[in-house]
Amino acid sequence: GCATTQQVISKVHSPSTPLEQILKQRSDLVHELATVEFRQYFNNIENPTSAEVKVTQTALLDDSVAANRTTYHFKLMDHKWVQVGKKDEYRCVRGKNTKDFQTANCP
């Protein structure tokens, strides 16, 4: 059958969901003048065991970086979401690659 939103939230919500943790960790984004987008993904709707949160910033004040994306990886351990990894990527304004995100710093 179909799961209601409340049922899904009760399955994925631990004392601090991955998104809640990132919002606490990245309080600097509240005052950021750039455009900020948050996306939270779970590996399953029912009984998820891993998640990721992507934070993408555009309209930055940096003239060499068009966008910055940080992906945070989480695992559910002992009924708590634990951050297990983080990856920073950049989309450059100039250089060979201006369409895709890359891990190398922009020229």
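Which residue in S3 is the bridge partner of Glu-52? I looked this up at the start, and the partner is His-73. I note here that the model is a predicted one.

**Entry 1: Overall layout**

I recorded two helices and four strands in the protein. Along the sequence they follow the pattern α-α-β-β-β-β. I then looked up burial for the chain: of the 107 residues, 30% are buried. The exposed area of the protein is about 7200 Å², and carbon and sulfur atoms supply 50% of it. For contacts with a separation of 6 or more, I found that residues 24 or more positions apart account for 38%.

**Entry 2: Strand pairing**

I went through the strands in order. S1 covers residues 35-42 and S2 covers residues 50-58; the two run antiparallel and are joined by eight bridges. As an example from this pair, I noted Arg-39, whose bridge partner in S2 is Lys-54.

I next followed S2 to S3, which pair in the antiparallel sense over nine bridges. The pair of Glu-52 and His-73 from my opening query belongs here, with His-73 in S3. I also noted that Val-53 stands opposite Tyr-72 in S3.

I then checked S3 against S4. These strands run antiparallel, and twelve bridges join them. Within this pairing I looked up Thr-70, and its bridge partner in S4 is Asp-88.

**Entry 3: The two turns**

How many residues lie between S2 and S3 in their hairpin? I found six, and Ala-59 in the turn has a positive phi of about 60°. Ala-59 has this positive phi although it is not a glycine. I placed Ala-59 in the loop between S2 and S3. Is Ala-59 buried or exposed? Ala-59 is exposed, because its relative accessible area is 53% and the cut-off for exposed is over 50%.

The hairpin of S3 and S4 has two residues between its strands, and Asp-78 in the turn has a positive phi of about 50°. I also looked up His-79, which sits in the loop between S3 and S4 (80-92). His-79 has a positive phi of about 65°, and His-79 is not a glycine either. With a relative accessible area of 70%, His-79 is exposed.

**Entry 4: The nonpolar core**

Which residues make up the largest nonpolar core? I listed eight: Ile-22, Leu-29, Ala-51, Val-53, Val-55, Tyr-72, Phe-74 and Trp-81. S2 and S3 each supply at least two residues of this core. The largest share, three residues, comes from S2. As general background, nonpolar side chains in soluble globular proteins tend to be buried together.

I examined one core member, Tyr-72, in more detail. Leaving aside neighbours within four places in sequence, I found Tyr-72 in contact with Ile-22, Ala-51, Val-53 and Val-55, among others. These four residues are also listed in the core. The contacts of Tyr-72 further include Gln-25, Arg-26, Glu-52, Gln-83, Gly-85 and Lys-86. Val-53 thus appears in my notes both as a contact of Tyr-72 and as the residue opposite Tyr-72 in the strand pairing.

**Entry 5: A nonpolar patch on the surface**

I turned from the core to the surface. Met-77, Val-82 and Val-84 form a nonpolar patch there, with about 220 Å² of accessible area together. Met-77 is found in S3, which covers residues 65-77. How does Met-77 count by accessibility, and why? Met-77 counts as partly exposed because its relative accessibility is 38%, and partly exposed residues fall between the 20% limit for buried and the 50% limit for exposed.

**Entry 6: Cys-106**

My last query concerned Cys-106, which lies in the segment after S4. Is Cys-106 buried or exposed? Cys-106 counts as buried because its relative accessibility is 17%, and buried means under 20%. Leaving aside neighbours within four places in sequence, Cys-106 is in contact with Ser-64, Val-65, Tyr-90, Arg-91 and Cys-92. I also looked up the C-alpha separation between Cys-106 and Gly-95, which are eleven residues apart along the chain, and recorded 7.7 Å.

Definitions and conventions
Residues are numbered from 1 along each chain as its sequence is written. This is a predicted model: local features need pLDDT of at least 70, side-chain atom pairs count only at pLDDT 80 or more; totals for chains, interfaces and linings use all residues. Side-chain values use heavy atoms; hydrogens and water are left out. Patches are made of residues with over 30% relative accessible area and no salt bridge: like charges are joined within 9 Å, nonpolar side chains (Val, Leu, Ile, Met, Phe, Trp, Tyr) within 5 Å. Accessible areas come from the Shrake-Rupley method with a 1.4 Å probe; for residues, only the protein chains shown count as cover. A salt bridge is a side-chain nitrogen of Lys or Arg within 4 Å of a carboxyl oxygen of Asp or Glu. Buried means under 20% relative accessible area, exposed over 50%, partly exposed in between (1.4 Å probe, protein chains only). Two strands pair if DSSP finds at least two bridges between them. Contact means heavy atoms within 4.5 Å. A nonpolar core is a set of buried Ala, Val, Leu, Ile, Met, Phe, Trp, Tyr and Cys residues joined through side-chain atoms within 4.5 Å.
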